[in-house]
Amino acid sequence: MTDFSNKKVLVLGGSRGIGAAIVRRFAHDGATVAFTYAGSHDAAQVLAGETGSRAIRSDAADRQAVIEVVSGEGPLDILVVNAGALVMGDPLTLDADAVDRMIDINVRAPYHAAVEAARRMPDGGRIIVIGSTNGDRMPFAGGAAYALTKSALQGLARGLARDFGARGITVNIIQPGPTDTDMNPADGPMSAMMHDFMAIKRHATGEEIAGLAAYLAGPEAGIVTGAMHTIDGGFAA
Ligand code: NDP
């Protein structure tokens with residue numbers, strides 16, 4: 001366990017699933033944590049009460065709202081962008097507005113949040129974005145739009161790592177495989193098919209993903225930047 005006391009953390013999209021596990025981990029390790037959410041008001045209030053963190057309603061699809069919340073919470077030592085949407089299906093019939101909203105949440109928000117955070121982030125700060133193993137491998141039909149959003153984050157990390165490296169600020173992508181959350185429940189109808197692609201045939205837990213986030217945010221990872229960190233049970237192996 002790393003001691004994150006005296007560190008200020010903002011998690012974009014922290015009310016449920018992987019984001020909530022990351023909020024719990026940083027709060028447990030002593031950080032001052034705030035997180036955003038969109039719709040899950042009750043879950044956000046319960047999590048805030050449990051962890052001593054602060055919940056802020058802010059829609060990641062709204063660029064101005066993203067910039068305002070990151071700026072308002074700054075200067076941040078650690079920014080984690082976790083909010084994500086998943087829109088899958090036949091690209092010939094998929095709702096174009098839903099695809100564009102997913103691109104807003106999964107690509108535009110991380111970019112603008114990272115840039116805004118870096119304006120006032122102290123030297124040695126950390127920017128972590130939750131991508132997906134689908135950024136590297138999309139082994140079934142219907143996932144093109146989602147995969148493109150997660151691949152885009154790879155360019156974000158490689159580029160921003162160079163923009164902010166002189167200040168010791170690291171920029172990293174965590175690429176989970178199937179992880180047990182509302183978005184992808186371990187007992188869902190797609191699970192057996194996904195496990196077929198994996199060397200370790202189970203969903204990850206949010207806590208396992210949060211452990212990697214804590215490593216990347218900690219002092220041992222000061223030279224780790226511009227990199228993708230796949231944690232997927234061998235899904236993309
Ligand atoms: P969930 O759907 O379980 O939770 C998503 C979280 O993001 C919620 O806290 C949600 O808030 C928040 N969020 C979603 N949209 C917005 C928005 N517009 N504005 C603010 N907050 C928002 O997802 P997961 O925990 O499964 O996924 C988290 C991240 O991990 C995503 O980026 C996802 O793509 C990625 N991922 C997940 C995998 C999985 O198998 N679960 C695998 C690979 C990557 P609210 O509760 O208010 O809606």
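In which helix is the place of Ile103? In this predicted model, Ile103 is located in helix α4, an element that spans residues 96-120. Ile103 counts as partly exposed because its relative accessibility is 24%, a value that lies between the limits of 20% for buried and 50% for exposed residues. When neighbours within four places in sequence are set aside, the contacts of Ile103 are with Arg108 and Thr149. The C-alpha atoms of Ile103 and Asp163 are separated by 23 Å in space, and the two residues lie 60 positions apart in sequence.

Helix α4 also takes part in a right-handed β-α-β unit, together with strands β4 and β5. Strand β4 comprises residues 78-81, and its side chains point in two directions: Ile78 and Val80 one way, Leu79 and Val81 the other. All four of these residues are buried. Strand β5, residues 126-130, runs parallel to β4, and the two are joined by four bridges. Within this pairing, Arg126 of β5 stands opposite Ile78.

Strand β4 is also paired with β1 (residues 8-12), again in the parallel sense and over four bridges. Two positions illustrate the register of this pairing: Leu10 stands opposite Leu79 of β4, and Leu12 stands opposite Val81 of β4. Strand β1 is itself mostly covered, with four of its five residues buried. A parallel pairing over four bridges likewise links β1 to β2, and here Val9 stands opposite Val33 of β2. The chain passes from β1 to β2 by way of α1, and this β-α-β crossover is right-handed. Strand β1 thus pairs with β4 and with β2, while β4 pairs with β1 and with β5.

The analysis of open space gave the following picture. The largest pocket has a volume of about 980 Å³. Its lining comprises 48 residues, and those nearest the centre of the pocket are Gly84, Ala85, Leu86, Thr181 and Met183. Two or more lining residues come from each of α1 (17-28), β2 (32-37), α4, α5 (144-164) and α6 (191-196). Helix α4, in which Ile103 is placed, is therefore among the elements that give two or more residues to this lining, as are strand β2 and helix α1. Sorted by class, the lining of the largest pocket contains 21 nonpolar, 22 polar and five charged residues.

Two further positions were examined, one in a loop and one in a helix. Ser58 is found in the loop that connects β3 (54-57) with α3 (63-73). Ser58 is classed as buried because its relative accessible area is 12%, which is under the 20% limit. Beyond its neighbours within four places in sequence, Ser58 is in contact with Thr36, Tyr37, Ala65 and Val69. Gly72, by contrast, is exposed, with a relative accessible area of 55%, a value over the 50% limit. Gly72 is found in helix α3. Between Gly72 and Ala117 the C-alpha to C-alpha distance is 9.8 Å, although the two residues are 45 apart in sequence.

Terms used
Residues numbered from 1 in each chain as written. Predicted model: local features only at pLDDT ≥ 70, side-chain atom pairs only at ≥ 80, totals over all residues. Heavy atoms only, no water. Buried < 20%, exposed > 50% of the residue type's maximum accessible area, 1.4 Å probe, protein only. Pairing = 2+ DSSP bridges. Right-handed = clockwise from strand over helix to strand, strands pointing away. 1 Å grid on protein atoms, 1.4 Å probe; cavity = no way out; pocket = protein on both sides within 12 Å on 5 of 7 lines; lining within 4 Å. Points joined across faces, edges and corners; volume = space filled by probe spheres on them. Nonpolar A, V, L, I, M, F, W, Y, C, P; charged D, E, K, R; others polar. Contact = heavy atoms within 4.5 Å.
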